[in-house]
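Welcome to this short tour. Please open your viewer, have the selection tool ready, and follow along step by step.

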Amino acid sequence: MFNSREIALAVWLLILAMWLFSNKEIRSAFSSVLDGFSKTVIIIPFSLLVFHTLLSVWLLSEVGMWDLSQVKNTVFWFFGVAAVSFFRLNKIADDPDYFKNAVKDNLKIIVLLQFLVSFYTFNIIVELVFVPFMALLGGMIAISQRDEKHLRVYKALNKILEFVGLTIIAYAAYSLLHSFQEFVQFQTFLDLVVPILLSMLLLPLIYLFHVYMVYEVVFVGMRFSVKDEKVRAYAKKSAIFKYKLNVHSLRRWADALSRETILTFSDVDNVHKEIGRLAAEEKNPPEVPFDQGWSPYKIAPALECAGLKMGHYKKLYQDDWSASSPYLKIGDGFMANEIAYYIEGDSAAVKQLKLKADISEPEKSAEAHQFLSDLAALLHLQALGVEMGKGFKNAIIKGSKKERRVNTKMVRVSTDPWPNNRGYGVEFTISNV
């Protein structure tokens, strides 16, 4: 039932477990972990996960896509995918593209490659050496990538990992050519497909867990934004009724709620209406005269193709509105240079567009300056309808200052050193005069 790699992994895990449990402090810590698992908040959702897995297995068996030979694969999948996804729910909540990427990952050719690599293994002696070697290599890569001083080591270890990966794939391809009849059996097909199908069936449950966690976080935050208990209870019920499984709109509503003074039921309803109005405007953006500025819903996606995806345009204070993109890293390393995109204005129009580069590694600034120049040229064309001049491109690349009026807009490049003299910021702005 188990191949040589799985046996080798089991042997080393057993040795590791025996070594760990020989330590009294580790045994005590493990008891604390078990106590944590006994909590209702863990037991109930984990039991739902087990029940969902059994239900998925039953459904697959009913359509002839699961049999008893898949018990091992199912157990490995449960602890390697389902349980891991369950305990990573907090990180999933921070990744808006998790579910889209999860579907893609299950359909990528890499799934087939991973299957081939695990289907064709070495003999048990080789695997007993190979498994701890790969674990050690993975650990060294994880440690070396944390510190810029170890960048050379990190790159060298990655080269070793790439070489090992290519060697395994070559071995799998060689074995496939010499045992193709064994590979094309229906049982082999099930070994490949069952984990993928189980993962796809798991996504709805993970999404429900995700929705529950988002509601829980939102409701906890309401303790600060809605002081009155009756009004807070009404806000919770209205949110569930209004947004249901739409956590995207729920978060947007909760964010808006935290910026308002909520004293009555009507105040809660008004925020719901405001979110509905903004959502409608996003679908059908109103026209904004050029001399007044830009429509936030048309100018926000201007740099999305470059990886600067803008968040929602929202009110910050009185009639000050803004939106921003997450920072985009330029290069490797923990302290890599970064670029972000901002729009600022009022409820009617965006008044200023800004690209900001934080140069925390001046010795690697050339790439960031060039990328900022390319983004600025794209933004200039989108916002003003004309090409950006070479003077601004040179100012951005050199980190100098420059400004010029273009019709009713002012275009600026500025560079400001940080107080610690370790780095500096470069800004490119287009704003109303």
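Start with β7 and β8, which form a hairpin with six residues between them. This is a predicted model, so keep that in mind at each stop. Select Asn-421 in the turn: its phi is positive, about 60°.

Now select residues 424-432, which make up strand β8. How many bridges join β7 to β8? There are nine, and the two strands run antiparallel. To see one of these pairings, pick Val-413 and look across to β8, where its bridge partner is Phe-428.

Keep Val-413 selected and turn to the β6 side. Which residue has Val-413 as its bridge partner in β7? That is Lys-402. So Val-413 is a handy place to pause: Val-413 is paired with Lys-402, and with Phe-428 in β8.

Next, select residues 402-406 for β6 and residues 409-417 for β7. This pair is antiparallel too, with five bridges between the strands. Two residues lie between the strands in the hairpin of β6 and β7. Click on Asn-407 there, and you will find a positive phi near 55°.

Finally, zoom out to the whole chain. Color by secondary structure to look for its 17 helices and eight strands. The chain has 433 residues, and 38% of them count as buried. Switch on the surface: the chain exposes about 25,800 Å², with carbon and sulfur atoms supplying 64% of that area. As a last view, show contacts between residues at least 6 apart in sequence; 62% of these join residues at least 24 apart.

Terms used:
Residues numbered from 1 in each chain as written. Predicted model: local features only at pLDDT ≥ 70, side-chain atom pairs only at ≥ 80, totals over all residues. Heavy atoms only, no water. Pairing = 2+ DSSP bridges. Helix = DSSP H or I, 4+ residues; strand = E, 2+ residues; numbered from the N terminus. Buried < 20%, exposed > 50% of the residue type's maximum accessible area, 1.4 Å probe, protein only. Contact = heavy atoms within 4.5 Å. Areas by Shrake-Rupley, 256 points an atom, 1.4 Å probe, with all protein chains shown as cover.
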